[in-house]
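This briefing concerns the arrangement of the chains and the packing of strands and helices. Please read it with the sequence and the structure side by side.

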Number of protein chains: 2
Amino acid sequence: MIQPPKGTRDISPEEMKKLQSIIDRFREIFEKYNFLPLETPAFESFELLSAKGGLGEAAKDEIYYFKDKSDRELGLRFDLTVPLARFVINNSNLTKPFKRYQIGRVWRYDNPQAMRWREFWQADVDVVGSSSMSADTECLAVSVGCLLSLGFKKFSIRINNRKLIEKILIKLGVKENKIFDVFRIIDKLSKIGLKNVKRELKENDIDIEIEDILKISGSNKEILENVKKKFGENEGLKELREIINLSRKIGIEKYLKIDLSLVRGLDYYTGPVFEVKIGDVDVSCGGGGRYDSLIKNLGGPDMPATGISFGLDRLLTLIKDSKILNRKVFVATVNDKVKEEAFKICQNLRKENIISDIDMMDRKLSKQLGYASKMKYPFVLVVGKRELEKKSIKLRDMKKGKEKLVKIKDIVKILNKVLNQ
Amino acid sequence: MIQPPKGTRDISPEEMKKLQSIIDRFREIFEKYNFLPLETPAFESFELLSAKGGLGEAAKDEIYYFKDKSDRELGLRFDLTVPLARFVINNSNLTKPFKRYQIGRVWRYDNPQAMRWREFWQADVDVVGSSSMSADTECLAVSVGCLLSLGFKKFSIRINNRKLIEKILIKLGVKENKIFDVFRIIDKLSKIGLKNVKRELKENDIDIEIEDILKISGSNKEILENVKKKFGENEGLKELREIINLSRKIGIEKYLKIDLSLVRGLDYYTGPVFEVKIGDVDVSCGGGGRYDSLIKNLGGPDMPATGISFGLDRLLTLIKDSKILNRKVFVATVNDKVKEEAFKICQNLRKENIISDIDMMDRKLSKQLGYASKMKYPFVLVVGKRELEKKSIKLRDMKKGKEKLVKIKDIVKILNKVLNQ
């Protein structure tokens, strides 16, 4: 028996209905904020995927790499941001800001583990061309909109600013060429703990009291004030304050939490960074930030950009079963002779927007009723010869196990009534 | 400048809106017929893709083949039928019939040409587990439903039956081991013409008067009668008749056209075959048929199945621009001081389900109006300090170039009125 490749999986109809409803909600909210849909190929040239500013030299280890039959080096996309950057470079006449969303699968050659697949779904929104903090706030606002629309109540988006942390680190005595090392080590905080972070810093000859940053806590307002008192005013702090103020004004500040330990793993972030946490679950369900140098690094113009990306596979495991509408009816037949008539009745119901189905296994009536029960049909229409002669049909309530005779011409009206109860 | 890989393309927001509306229509109709959604990985093991009954040995030439870092042989899926067959084999407890739909991309290493991409979109419906002709008719009915829902009026689904053609060929003297060769040659009829079909048959030592089959024409009823008169009754003919009769009953026969020259290219078809043509365009927009041996050939149980697949990229080029709703408003600011207030107004409109957007480029008012005009906003709200003091805002009709002062509390009501005109 041939299984799906390692790290991938089939999404069964039941799960797929849930995933589809998540995707639909994202789309609805994204479009309300006037983000536009874009679709890019599943694979890209390896030159793009391995370019500086993206995965860089690590690319070959982390992606599915292959060659086409003309020896072109290719790879499955590992995110939706690098393809967006390529699209922006290829289409220089796009009206700016270019606000786009994209929902699709990406592939990474990770070690498969719980809630981590080699093939997974992302939903991204990005604003390209604006350096204003209103673009970052817009990404946060649309994210809050999506999470609320999915029915989540307990969630937070942690935010920070890399420029601010860089300034603080330099004040604390870190050399400029060590900044990215510190970012990478701090990024592991939740995984390895403070003690190990301190040890790793020491091992890298970085001699700072990292608690000086990490122990600053309180409300967003308090953190902003304390940082200013301790390290002085600077660009990154201003940006953070601007996002918080604008967010307060539009009613989303309560979902934001400044966290000075947040830096994010990827090299390309240049300012604000975000990370989404839902409930008490310790894994991130999404994240992002500003990446003002990526497009230039990939060979394009100097073009600011910011965005956020959600991991749909994780949301899928966290989301409650949405109330699945069960507005459907099965058309059963007493015998073969009424089959064509039954198919006609079924087809008419579909025209009236009632989900309906009919036997295709030439099963006996009792087996058809068993099938309908297994598939959770609340009602079954039983088509029989004698009833047809009276232009009627039996309507069976599967829960109560009761039947009544109804006129064929009244079926739609009656079904619309009973199915909506 | 790095381009998308050869044979692939980006789908711009404008095109993507169209494609998305096609996908939405397909989903809606599929679900009305109670087909269930399934999602399978983008790549499968090469063992599956190259198995007998699918592409077979030709697989390596026709697919994107690669190895993962543990040297597992993989390939991008070339259709959605073979992954479905694998899913059915892996999940033996599925309630039958299993009616599933899947919409997604597939990849083939073809030579790119007009309307032919190496990465393209398919929408499939299949009924697994039923050998009844009502399953085939169901696939035809849902197809007609989709095409009508997309607004097509001039279309036809050509149908035929391989069992019937096989019987006729044997009556005409073709040896059984030559049957598939004849299928493959007849399949080229529309491409190479009758003269070349006859030549190729001769070159393959197949000495028949192929016109004896091909010249049988007329209405579906006439063809069924003529074939019976000429070649006698047989299983394939019975199946074809059953589909036509059932289709007449449910009101879709007018869209079906028996075409005895239709055999389809793939080896795995075993009975009814279908092909969708729209208007006068000579390319197929979809096709399918019954494949009762595929699941067994892939190592599964003896399991009948039938289905149909649409090529969405081709539909995308044929479809008229759907009337795009332009219910959106841009919130412009007179200067920086009113920005936060403007963002708040914008955010409130979104809560009221009005698509709205705001400047993120710190542009002057005149530039903002230019942007709104370029992006085809029918209305702009202009937020200014003096107006805010009067709890008001200017509403600008972009077509007429006229402005009027409106109360902030009345905006939603007024916008809902003017945007619906």
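Two strands are taken as paired if DSSP finds at least two bridges between them. In this predicted model, strand β10 (residues 286-290) of chain B pairs with strand β11 (residues 305-311) of chain B in the antiparallel sense over 5 bridges, and within that pairing Gly287(B) has Ser309(B) of β11(B) as its bridge partner.

**The eight-stranded sheet of chain B and its helices**

- The open sheet to which these strands belong has 8 strands in the order β1-β5-β6-β11-β10-β9-β7-β8 (chain B), and its pairing is mixed.
- At the edges of this sheet are β1 (36-37) and β8 (256-258) of chain B, each of which pairs on one side only.
- Helix α1 (residues 13-32) of chain B packs on the sheet, where it touches β5 (98-107) and β6 (119-128) of chain B, and the direction of the helix makes about 165° with that of β5(B).
- Helix α11 (residues 235-249) of chain B, for its part, lies across β7 (155-161), β8 and β9 (272-278) of chain B and runs at about 150° to β7(B).

**The three-stranded sheet of chain A**

- An open sheet of 3 strands in chain A follows the order β2-β4-β3, with antiparallel pairing.
- Because β2 (43-45) and β3 (65-67) of chain A stand at the edges with a single partner strand each, one side of each is left without a neighbour in the sheet.
- On average, and with direction ignored, neighbouring strands of this sheet are turned by 35° against each other.
- Within this sheet, β3(A) pairs with strand β4 (residues 73-76) of chain A in the antiparallel sense over 3 bridges, and Tyr65(A) stands opposite Gly75(A) in β4(A).

**Strands β14 to β16 of chain A**

- Strand β14 (residues 379-383) of chain A and strand β15 (residues 392-397) of chain A are paired in the antiparallel sense over 4 bridges, with Arg396(A) in β15(A) as the bridge partner of Val380(A).
- β15(A) is also joined by 6 bridges to strand β16 (residues 402-407) of chain A, the two running antiparallel, and here Lys394(A) stands opposite Leu405(A) in β16(A).
- The hairpin of β15(A) and β16(A) has 4 residues between the strands, and Gly401(A) takes a positive phi near 70° in this hairpin.

**Helix packing in chain A**

- Helix α5 (residues 133-149) of chain A packs against helix α11 (residues 235-249) of chain A at an angle of about 50°, with the axes 9 Å apart, which makes α5(A) oblique to α11(A).
- The crossing in which α5(A) passes α11(A) is right-handed.
- On the α5(A) side the contact is made by Met133(A), Ser134(A), Asp136(A), Thr137(A) and Leu140(A), and on the α11(A) side by Glu239(A), Glu242(A), Ile243(A), Leu246(A) and Ser247(A).
- Sorted by class, this contact of α5(A) with α11(A) has 4 nonpolar, 3 polar and 3 charged residues.

**The two chains together**

- In the interface, 74 residues of chain A are in contact with 74 residues of chain B, and the side of chain A that touches chain B has 32 nonpolar, 16 polar and 26 charged residues.
- Chain A is superposed on chain B by a rotation of 180° with 0.0 Å of shift along its axis (RMSD 0.1 Å), and the two copies are thus related as by a two-fold rotation axis.
- Of the residues of chain A, Phe66(A) comes closest to the rotation axis, at 2.8 Å (C-alpha).
- The copies meet through the same surface, because 100% of the interface residues of chain A are also interface residues in chain B.

Key:
Residues are numbered from 1 along each chain as its sequence is written. Chains are lettered from A and ligands numbered from 1 in the order in which they are written. This is a predicted model: local features need pLDDT of at least 70, side-chain atom pairs count only at pLDDT 80 or more; totals for chains, interfaces and linings use all residues. Two residues are in contact if their C-beta atoms, placed from the backbone, lie within 7 Å. Ala, Val, Leu, Ile, Met, Phe, Trp, Tyr, Cys and Pro count as nonpolar, Asp, Glu, Lys and Arg as charged, and the others, Gly among them, as polar. Copies are superposed by least squares on the C-alpha atoms of residues with pLDDT of at least 70 in both. Axes are lines fitted to C-alpha atoms, for helices over the stretch in contact, and angles run from 0 to 180 degrees between N-to-C directions. Angles under 35 degrees count as roughly parallel, over 145 as roughly antiparallel, 65 to 115 as roughly perpendicular and the rest as oblique. A crossing is left-handed if the near helix is turned anticlockwise from the far one by less than a right angle, and right-handed if clockwise.
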